[in-house]
2 protein chains.
Amino acid sequence: MADPDTPFAVVDVHRTRRNIARLRARADRLGVTLRPHVKTAKSPDAALLLHDGTPGPVTVSTLAEAEAFAAAGHRDLTYAVGVAPHKLPRVVALSRRGVTLRVLLDSTEQATFVASAAREAGVALPTQIEIDCDGHRGGLRPDAPGLTGIGRILHEAGCLDGVLTHAGESYFARTAEEQREAAHAERDAAVAAAERLRAAGLPVATVSVGSTPTAHAADDLTGVTELRAGNYVFFDLVMAGLGVCALDDLALSVVVTVIGHRPEYGWIVTDGGWTAMSRDRGTAMQAQDQGYGLVTDLSGTLIPNLVMTAASQEHGTLTARDGAALPELPIGTRLRVLPNHACATAAQHHGYHVVDSAHGRAAAPAVEAYWPRVTGW
Amino acid sequence: MADPDTPFAVVDVHRTRRNIARLRARADRLGVTLRPHVKTAKSPDAALLLHDGTPGPVTVSTLAEAEAFAAAGHRDLTYAVGVAPHKLPRVVALSRRGVTLRVLLDSTEQATFVASAAREAGVALPTQIEIDCDGHRGGLRPDAPGLTGIGRILHEAGCLDGVLTHAGESYFARTAEEQREAAHAERDAAVAAAERLRAAGLPVATVSVGSTPTAHAADDLTGVTELRAGNYVFFDLVMAGLGVCALDDLALSVVVTVIGHRPEYGWIVTDGGWTAMSRDRGTAMQAQDQGYGLVTDLSGTLIPNLVMTAASQEHGTLTARDGAALPELPIGTRLRVLPNHACATAAQHHGYHVVDSAHGRAAAPAVEAYWPRVTGW
């Protein structure tokens, strides 16, 4: 890590494996399939760790991911963003290559064009109906009048796979109790929607729930068939702030170099700005605002009270918190910055330099691999 | 623009040309060299518009840009981020290929290693001393005790080129008068530093100033040799909010597709989230907060009162402002979103689909070119 030009993204594969094993064990205990969301790492190499070294079920956020993970051997995918008509030819093309790619929708309009695209192409386009469990984003409420009509349009075209919900508001559930309640609400919404469809004589194979906070809080997933989560492979300061993980679980960081000092302002200036960290300030609304990130030395040891408090395009500003003295970090010193939001920070990079803290905590850990990321749409 | 999968970035080359011509005319009137900052567009194709079709002087924010623009024929570059020792081999390599790449620094420590790298390599490493004119980020105050010592170290190694300052705080100068004052302060700081160096017997060739707001406000650049600005090629909602440009000057937008409706919340959901727009919320601190962006139809005509107010990774939420009715935009409708911060939004994309509004305002303008972007560091 002393060699590549900075800034660059680093993944600690030891922590990643530990985070993956933790949720894997939970899903096994809860008796559900785990379908990790690969939108965070967007790395086929990282995805091989999710299911013991072989491609397993995953969730994707873009068709570019679907195509890249299909090319890497994945055959069981869910595209968890509401589908638009112009995207269906790419979905059909994957289906013809033997890839199961479930699509998502929440309107009669969408169900109609998916059904007609499936009939025209003569392929199954397995589809899930998005259910809104917390007013976060898309979906139908489980009691929405249109639900069974949509189910019927899909079923008649051989496309109805099930229901999917995402408790996006759980990112703002500040206590373990609130996170458990969010997990219950997520389960209840998905199961209620599935029961309504079944009561209307429609077959529901998949009942899918998940978000990183609720996946780690759920204690009973009766009626649910699969669990999704994405952020957990790396975790981040937002998740640490919620208590879903410890700082010691954060697997993603960005290596930056000190390029200046402004002692008159109490600033250390680095070459890692928002192009390297993203503009995400997810902890701004938490009890402890972590600025653009907490700072460790190159070995990964936290430097107490040092926070990245400002970012311009290619500059980061580090300041000391709570009146602490600014550490002596000469020009050229390499540091690691732990991000607010792993998904957003990872998205600023083409790939990851991979280190393994299980091999000890060297002053400058050896880079053991490079994992490219899928980019674009 | 009806064909490519969404989201994608669009540049209106007509507006870009007009923005470029406007600042070009100002620089000519002010009698200074214009050295545009290519950090916004990061496109060698766009850079050809800057100097009438041939590579001219530019500023870069990364060595990846320096290398890419050198490969595209540029021979006169300034790398306007404080230099770290490990970056010098790439600087030396460019110098050996006949590229003039000025580096920037603000400490004795940096001056010493640049001088010694230049001596070792046997090449000139033209260097500028960064001057702080407004407490924004890096640099030495013009009256800083260390200034002439740094100048001497550089001069003795044949590396002293001049001084550079950037009025970063001008982004918060809300009135034309405040922007003019910021421009005066920027000029005064740079000229004062140059005069101190000259008074110490040190030659100062370049006196460089600039930011998009001050470049458009400066009325007298006596003592300054060159002007820098980057954002102006595209402009954005932050600049429109400052009054530096009109909404009609915004040359960058992101095309998104409607993928859902939540009438119960007053939301239209699109497939353009923060991966497409960035997390930048630069207008949040302005008098008129523009959310994640204003919305136009595909032709570029503003849809009154429609604002992108929320973003998740691959979802955008549009809402109506001031109690206006939500327009009817069926699933599949393509829209354009005008960003807060062009530099940040552009950085989320691999390139630009180029349209030309001088060719009329079609319902779905033809894509006339694709300009790839330089990425990474």
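Let me start with the sheet in chain A of this predicted model, an open sheet of eight strands that pair in parallel and run in the order β2-β9-β8-β7-β6-β5-β4-β3. At the edges of this sheet stand β2, residues 33-34, and β3, residues 58-60, and each has a single partner strand, so one side of each is left without a neighbour in the sheet. As a reminder for those new to this, strands of a sheet pair through backbone hydrogen bonds, either parallel or antiparallel.

To take one pair as an example, β8, residues 206-209, and β9, residues 226-227, of chain A are joined in the parallel sense over two bridges, and within this pair A:Ser208 has A:Glu226 of β9 as its bridge partner.

Next, a single residue, A:Pro339, which you will find in the loop between β15 (334-338) and α11 (342-346) of chain A. Is A:Pro339 buried or exposed? It is buried, because 30 other C-beta atoms lie within 10 Å, and the cut-off for calling a residue buried is 20 or more. Although A:Asp236 is 103 residues away along the chain, its C-alpha atom and that of A:Pro339 are separated by 5.9 Å. Beyond its neighbours within four places in sequence, A:Pro339 has contacts that include A:Asp236, A:Leu237, A:Leu252 and A:Met277.

Finally, the two chains: a turn of 180° with a shift of 0.0 Å along the axis lays chain A on chain B with an RMSD of 0.0 Å, and the two copies are therefore related as by a two-fold rotation axis. In chain A, the C-alpha nearest that axis belongs to A:Arg279, at 2.5 Å from it. Both copies use the same surface, since 100% of the contact residues of chain A recur in chain B.

How values were computed
Residues numbered from 1 in each chain as written. Chains lettered and ligands numbered in written order. Predicted model: local features only at pLDDT ≥ 70, side-chain atom pairs only at ≥ 80, totals over all residues. Least-squares fit on C-alpha atoms with pLDDT ≥ 70 in both. Contact = placed C-beta atoms within 7 Å. Pairing = 2+ DSSP bridges. Helix = DSSP H or I, 4+ residues; strand = E, 2+ residues; numbered from the N terminus. Buried ≥ 20, exposed ≤ 12 C-beta atoms within 10 Å, placed from the backbone.
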